[in-house]
Amino acid sequence: MKTCKKCGNVNDDSQAFCGQCGNNLSIQPVSTQTAQEFMERYQNEPLPQPQKKKKKWWIAIVVLLVICVIGFLAVLGNSDTNKNTSDKPSVSDSANDVTENSNTSKYITMEAFSKIKSGMSYDEVKEIIGCDGELLSTSSVNNYTVAIYVWYGKGSIGANANITFTNGKVSGKAQIGLK
């Protein structure tokens, strides 16, 4: 027999709900404890203290230091590339005014670019253009070596030609703004 905790009615064990008030008989009552009993039980135990957050200020300092080093290296690297040499054309402060070097053969023209064919050697390309190119990138894997050179050109701002050499022979070329 089950006794309803709400109204006290006695019910059969097979019943899930009280026949008098409808209370759920399968739910166990929660233990009631007065505030006084709780205080007596836990009065001698210290209250849990909130954990202090670990200071992570040092991470910010390390990140700031890394950014400063990268910035310094970028400025240092740009100071070398901004030096004007006779091998490259220089761009003046005016966006449309390209300063010519005394040796105009340092520039590649569209005519010279058109003469460059696949399979030519670097020396053959150099002879057509009239000067050395600037090595942009090189990579070697197994028996293949790929090198990309740039030659600056006359024409619009940024005019240049890139020639790709695979194992010392022209394998590709691209240009922008040559005249």
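1. A term to start with: strands here are DSSP runs of E, at least two residues long, numbered from the N terminus, and two of them pair if DSSP finds at least two bridges between them. With that in hand, here's a bridge to look up: Tyr-152 has Asn-160 in E7 as its bridge partner. Keep in mind as you go that this is a predicted model.

2. Now the strands around that bridge. E6 covers residues 144-152 and E7 covers residues 155-166; the two run antiparallel and are joined by seven bridges. The connection from E6 to E7 is a hairpin of two residues. On to E8, residues 169-178: E7 and E8 also run antiparallel, with eight bridges between them. If you want a spot to check on that side, Gly-155 sits opposite Leu-178 in E8.

3. Asn-160 is worth a click. The residue belongs to strand E7 and has a relative accessible area of 17%, so Asn-160 counts as buried, the cut-off being under 20%. A polar atom of the Asn-160 side chain lies 2.9 Å from the backbone oxygen of Gly-158. Leaving out residues up to four places away in sequence, Asn-160 touches Val-150, Trp-151, Tyr-152 and Gly-153, and also Ala-174, Gln-175, Ile-176 and Leu-178. Tyr-152 in that list is the bridge partner from point 1.

4. Next, the turn between E7 and E8. Asn-167 is in the loop joining these strands. The hairpin has two residues between the strands, and Asn-167 takes a positive phi there, near 50°. Is Asn-167 buried or exposed? Neither label fits: its relative accessibility is 42%, so Asn-167 counts as partly exposed.

5. Asn-167 also has company from further back along the chain. Setting aside neighbours within four places in sequence, Asn-167 is in contact with Asn-143, Tyr-144 and Thr-145. For a C-alpha check, take Asn-167 and Val-146: they are 21 residues apart along the chain, and their C-alpha atoms are separated by 6.4 Å.

6. Now for the aromatics. How many aromatic pairs does a search of the whole structure find? The count is five. One of them is Tyr-122 with Tyr-149: ring centres 4.7 Å apart and planes at 40°, so this pair is tilted. The pair links distant parts of the chain, with Tyr-122 in helix H4 (residues 122-129) and Tyr-149 in strand E6, 27 residues apart. Tyr-122 has 19% relative accessibility, so it counts as buried, given the cut-off of under 20%. Tyr-149 is buried as well, at 18%.

7. Tyr-149 has another ring partner: with Phe-165 it makes an edge-to-face pair, 5.7 Å centre to centre and 85° between the planes. This pair, too, links distant parts of the chain, from Tyr-149 in strand E6 to Phe-165 in strand E7, 16 residues apart. Phe-165 is buried, with a relative accessible area of 3%. Which residues do ring pairs link into a cluster? Tyr-122, Tyr-149, Trp-151 and Phe-165. Trp-151 may ring a bell from point 3, as it is among the residues that Asn-160 touches.

8. One last thing for anyone who likes charges over rings: Lys-173 lies over the face of Phe-113, at 4.4 Å from the ring centre.

How values were computed: Residues are numbered from 1 along each chain as its sequence is written. This is a predicted model: local features need pLDDT of at least 70, side-chain atom pairs count only at pLDDT 80 or more; totals for chains, interfaces and linings use all residues. Side-chain values use heavy atoms; hydrogens and water are left out. Helices (H or I, at least four residues) and strands (E, at least two) are DSSP runs, numbered from the N terminus. Buried means under 20% relative accessible area, exposed over 50%, partly exposed in between (1.4 Å probe, protein chains only). Contact means heavy atoms within 4.5 Å. Rings of Phe, Tyr and Trp (its six-membered ring) pair if their centres lie within 6.5 Å; planes under 30 degrees apart count as stacked, over 60 as edge-to-face and the rest as tilted. A charge sits over a ring if NZ of Lys or CZ of Arg is within 6 Å of the ring centre and within 35 degrees of the ring normal. A polar contact is a pair of N or O atoms within 3.5 Å; within protein, one must be able to donate a hydrogen and the other to accept it, and residues adjacent in sequence count only if both atoms are side-chain atoms.
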